[in-house]
Amino acid sequence: MPPPSAIGNGFEAEAITDTEAIVVPNPLTVKAVAARRIKAGRLVAKTAAATSSDLFKTPNSGKPKAKRWDHYLSVEAKARQPSSLKGAAKYLNRPGLITLGGGLPLAENFPIEELSFKVPTVPHFSEAEARQNGTILKAGKYDVTETDDGVYDLSIALNYALGTGSAQMIRFVTEHTEIVCNPAYADWQCALTVGSTSALDIALRMFCERGDVILSEDYAFASAVETAAALGVGFVGVAMDAEGLLPESLDDILSNWDEKAKGARKPFVLYIVPSGQNPTGATQSFTRRREIYKIAQKHDLYIFEDEPYYFLQMQPYTGPDSPSIPPPATNEEFLQSLVPTYLSLDVDGRVMRMDSFSKVIAPGSRVGWVTASEQIIERFTRANECSVQNPSGISQMVLFKLLDEHWGHDGYLKWLINLRMVYTKRRDVILAACEKNLPKEVVTWNPPAAGMFLWLKVNWHLHPYAKTKTLSEIEEEIFLAAVDEGVLVSKGSWFIAERNGFVQTEMFFRATFAAAAEDKMTVAIERFGAAVRASFGLK
């Protein structure tokens, strides 16, 4: 069965504990975006132009305002003041103004006159088609002033900008967020990020003090755990099943939290990767997300929804040698097949959603965005101003030309459908290789519904030396044997969220089906199977 619909006829965020039922209007459509843009006219946003999602989203239509989170903001977050220099940018649009204030260099001294790059043309997305029949996009230095329809050029992109990111990209991600998530409260905003790891670092600084702990799945993205550790923030793992984090385990931990015994105040931040979770590949159902959100309301949790794999939700797995399920016929069908986001359920403004182009366009772009309430985005922007400032102007320009001017929202959604089918095929290849080459008496797995990872469980209790060797010793033995066979997989222990006191009782390895060619994936799994067999003494 496909996952439940994210949108539909009158999708509702249900009444949950302290909130009344709120009927959310139907989401923005691609056609409505086009009509809105025609009505608004040409976007005028020059160098260091101030911007806000309010300029580009549907006006409030009866949705509630978000709650305030002053009681959770850190000392650092509360101390941040607006940048004096960035604040002066609001005067730059005054007619006749000559600026000797900010250090914005003249564009004539930028040694890049033009960028050109070749990209796929909808719907011919394959690398071979792009090479043969792709479209060459160009960005000049003065397109805004020297052409009739220029919106964004290198004189703007290569200069300093504000902490929200460029107005041109804020417009696109705001529209995209409304199309996909349709947030359930009124005062939501977006701000660009330098990818989700940077966004998480800023978010942790905004909400946590040294000595705090936050909640996550038992096994979590290693870089997230390591980012928090450097800030003096620990992780508390919550038990998981095939759908990810268990609501009852989350509620039990919070309901029985003993600050003295735990040595930390009761956690109030939950970090989760709901779709194609890294490392386990688990995807939370709509029902699971609603249950977790209810518990977040009960205990007043703030949720970091990290969703780099959200658009890598795949076609249902039908088993080896089974016919493939056809792709979604339309963008609307594709959107309806996606599991609803926490942001779409969030009637309180208690979710910061982290999106990224890393997994759907290119990791090296280092561009993503966060969506949260106006209060939280304002604090996030203040942090941006004094750290990363904003993503690379060259990256923003490339993405703008590709996503906004060339593909548009319609083409981008078609690209995401294409990616769905690419990753569905790759997942099916690695699963077929597992069926053929792994010793199923000791290795088991659940077919992932999203993401790029396969979580392999190895029953180390059946190992001939299980009584004389530790789990860690056997894990290391299999890992090194796999390397000797010519394949690198990730040890499950690398992803343990709770670094102090967690006792690992099960053994896992993570394999990705994103990195290697399909034929090489099959060889790699065959080699891993040989390593496991050798360690267990199996034929």
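User: Taking a contact to mean heavy atoms within 4.5 Å, what share of the contacts in the chain between residues at least 6 apart in sequence join residues at least 24 apart?

Analyst: The model is a predicted one, and its contacts are counted wherever heavy atoms lie within 4.5 Å. When the count is restricted to residues at least 6 apart in sequence, the share that joins residues at least 24 apart is 76%.

User: What radius of gyration does the chain have, and how does this value stand against that of a compact globule?

Analyst: The C-alpha atoms fill a box of roughly 80 × 60 × 50 Å along the principal axes. For 539 residues a compact globule would be expected to have a radius of gyration near 24 Å, and the chain agrees with this, its own value being 24 Å.

User: Is Cys181 buried or exposed?

Analyst: A residue counts as buried when its relative accessible area is under 20%. The relative accessibility of Cys181 is 4%, so this cysteine counts as buried.

User: Why is the sulfur of Cys190 not bonded to the closest cysteine sulfur?

Analyst: A disulfide requires a pair of cysteine sulfur atoms within 2.5 Å, and by this rule the count is zero. Cys181 is likewise in no disulfide, with the sulfur of Cys190 as its nearest cysteine sulfur. For Cys190, the closest cysteine sulfur is that of Cys181, and the separation is too far for a bond, at 8.8 Å.

User: How much of the accessible surface of the chain belongs to carbon and sulfur atoms?

Analyst: Buried residues make up 55% of the 539 residues in the chain. The accessible surface comes to about 23,500 Å², and the part of this area that belongs to carbon and sulfur atoms is 54%.

Definitions and conventions. Residues numbered from 1 in each chain as written. Predicted model: local features only at pLDDT ≥ 70, side-chain atom pairs only at ≥ 80, totals over all residues. Heavy atoms only, no water. Rg over C-alpha atoms; globule rule 2.2 N^0.38 Å. Buried < 20%, exposed > 50% of the residue type's maximum accessible area, 1.4 Å probe, protein only. Areas by Shrake-Rupley, 256 points an atom, 1.4 Å probe, with all protein chains shown as cover.
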